[in-house]
Amino acid sequence: MTSTGLTTGAIVQYKTGNTQQAATVKVTGIRLCEPSKSSEASSSIDTERYRLSISDGEETFDACILTPELNKLVKEKLLQENSIVKLEKVVHNSTSTGKSFLVLMDLIVLPEPVTTMSNSNKQASTNICPIEMITPYLNGIWKIRARCFAKSPIRPHPVCDFDFHDTSGEIRVVAFRDECTRWHPVIEIGKIYDIMGTRVKTADKRWNSLHNTYELTLTSGSIIRLVDDPVVEQSIPDILFDFVPLRDISKHANESFIDVIGVVETCSDAVPFTNRTSNKDSKRRELTIVDEHTTTSVTLWDDQAENFDEELVENHAVVAFRRVRVAIYNNKYSLSGHRNMIIKVNPDVQEAKHLKIWYNAGGRVPTTQITTSRPVAEASWKTIGQIENEKLGRQGRPDYVSVKAICMHIANDRVVYMSCPNDACARKVNKLSSGLFHCDKCQKDFKSCEWTYMLRAELADSTGTIWVSFFRQIAEQLMGNITAEQFAHAKENNNETLMQNYLTANTCREGIFRLRINEETFNDITTVKTSCVSISDVDYSEYGQRLLQIINNQF
Ligand SMILES: [Zn+2]
């Protein structure tokens, strides 16, 4: 194959009668053969013959006869001059005078790359319809420009389907019979195509679980072209996620498919078990993932369980799950994987960046890995007294609770430090005599580093008090938006009054503090650490409702 994708040397092979191999060639000319005099009497549409010239990039050959069954391709302008075709079946023959000719018995017209720049190209200037706008009532000529993310095998009849998405949504494209045989070998997962000339119909939800009311059916007049343009390539993500926050999983029906994203907190070993229906040995693995609001468990099966990289837990990787199944077991919501689920580690999406920043701000402390699966902690309201009494955070996994409390006091030790600019690290750096900053963990020197908060504050409610760590943005919020830079400035100038003002300006205010409580072991000493992962204002009407509910439950 050359860089043009043509099979060089194919024509030499074909001319010598060696026609076993399929080849990709360019059609350089098409003309209708003059009917010969002897056949004039029986001349009809059926006996029309097209003669094609083809090029394999090296040699051109102009004695190719298209089998009449494929004349339709020329008539519908699917096969044209400059079309790139894959010759699937070719027969070699000779005329009475001994000249070679080829009969093209079967071929596939390959989608040709289009450049989006060309205005003269009718195809390129056709209106692109965002997938979510597709209805059966669209007027005029339109096309979708979308990335194929799934492709079914060919089923009997034959029929197959392709799942496409653009930035607005996803839709299934169904191909029956001729269209199935024609497009199945051509369309590749991961590539972007322009698709026009399709019929819109209502999707049958028994077979089609995509988030779209409609699906598209290919017709003999459908045109599908590969879009090979780096700009377009960047504009449509590899995978289109429609994330459901973990606390909203319960709003979805059992067995329905959703997309979620979270930081991997824990994972169990891959546990062998025997599948009761298939009687096959298999494996499963339990993960817990966490987002700003709550945690949930995800069960992985078979290969996905086996191949899960346990280091993702240690790295607090953000993992996105596309089309994970909602499962209700013992009245608890959880998530369950399946064969078609896509797992994407640290996906290049905004949600992942937010989660990473949020997690680093409050949850940078390494968690203890659990080796057996345990029930998942549910988002819960606690009093400070309950945190101690119920020994939260001591089950080998972090507990997340919300408390309504007052910040009494912010400790005046350290408060700010110069941190490593590597977000995933953010450890304290040391200033070298050269003026550079050195990070021991990253083993790197940095020209400039930023002041970062790490402070401790005492929270109180009517049941007790607790010391809690606050990091970065959460700490800045607690400090009433005084930046770490501002505080460091006061500290460097030994301005005790200003520092004290900063530390007390925003205390004694009530808020909702979301806390992460877990055990940490350092030098064989295990202590329970509590850090704040978010602060919000008290919604007193919601708080009142909750108290009422507790009272009603008691009596
Ligand atoms: Zn570092």
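## Helix α12

In this predicted model, Thr497 and Ala505 are exposed on one side of helix α12. The helix comprises residues 496–505, and within these bounds Met499, Tyr502 and Leu503 are buried. Because the three buried residues cover an arc of only 95° around the axis, they lie on the same side of α12. An α-helix has 3.6 residues a turn, so residues three or four places apart point the same way.

The buried residues of α12 pack against two strands, β20 (399–410) and β21 (415–419), and against the helix α11 (484–492). Thr497 and Ala505 are on the other side of α12.

## The sheet β22-β23-β24

Three strands, in the order β22-β23-β24, make up an open sheet with antiparallel pairing. The edges are formed by β22 (430–431) and β24 (444–446); each has a single partner strand, so one side of each is left without a neighbour in the sheet. Strands of a sheet pair through backbone hydrogen bonds, either parallel or antiparallel.

Strand β23 covers residues 437–439 and is joined to β24 by three bridges, the two strands running antiparallel. Across this pairing, Phe437 stands opposite Phe446 in β24.

## Cysteines

The model contains zero disulfides under the rule applied, which requires a pair of cysteine sulfur atoms within 2.5 Å. For Cys160, the nearest cysteine sulfur belongs to Cys180 and is 3.5 Å away; since a disulfide needs sulfur atoms within 2.5 Å, Cys160 is in no disulfide.

Cys160 is buried, its relative accessible area being 0%. Cys267 is also buried, and its relative accessible area is 0%.

## Domains and overall form

The protein chain is divided into four parts: domain 1 (10–36 + 44–109), domain 2 (122–235), domain 3 (247–362) and domain 4 (380–546). Between the centres of domain 2 and domain 4, taken over C-alpha atoms, the separation is 50 Å.

In secondary structure, the protein chain has 13 helices and 28 strands. Its radius of gyration is 33 Å, well over the 24 Å that the globule rule gives for 555 residues, so the chain is more spread out than a compact globule. The C-alpha trace spans about 110 × 65 × 50 Å along its principal axes.

Of the 555 residues in the protein chain, 45% count as buried. Among contacts in the protein chain with a separation of 6 or more, 62% are between residues 24 or more positions apart.

How values were computed. Residues numbered from 1 in each chain as written. Predicted model: local features only at pLDDT ≥ 70, side-chain atom pairs only at ≥ 80, totals over all residues. Heavy atoms only, no water. Buried < 20%, exposed > 50% of the residue type's maximum accessible area, 1.4 Å probe, protein only. Helix = DSSP H or I, 4+ residues; strand = E, 2+ residues; numbered from the N terminus. Arc of directions from axis to C-beta. Contact = heavy atoms within 4.5 Å. Domains from an automatic or database assignment. Pairing = 2+ DSSP bridges. Rg over C-alpha atoms; globule rule 2.2 N^0.38 Å.
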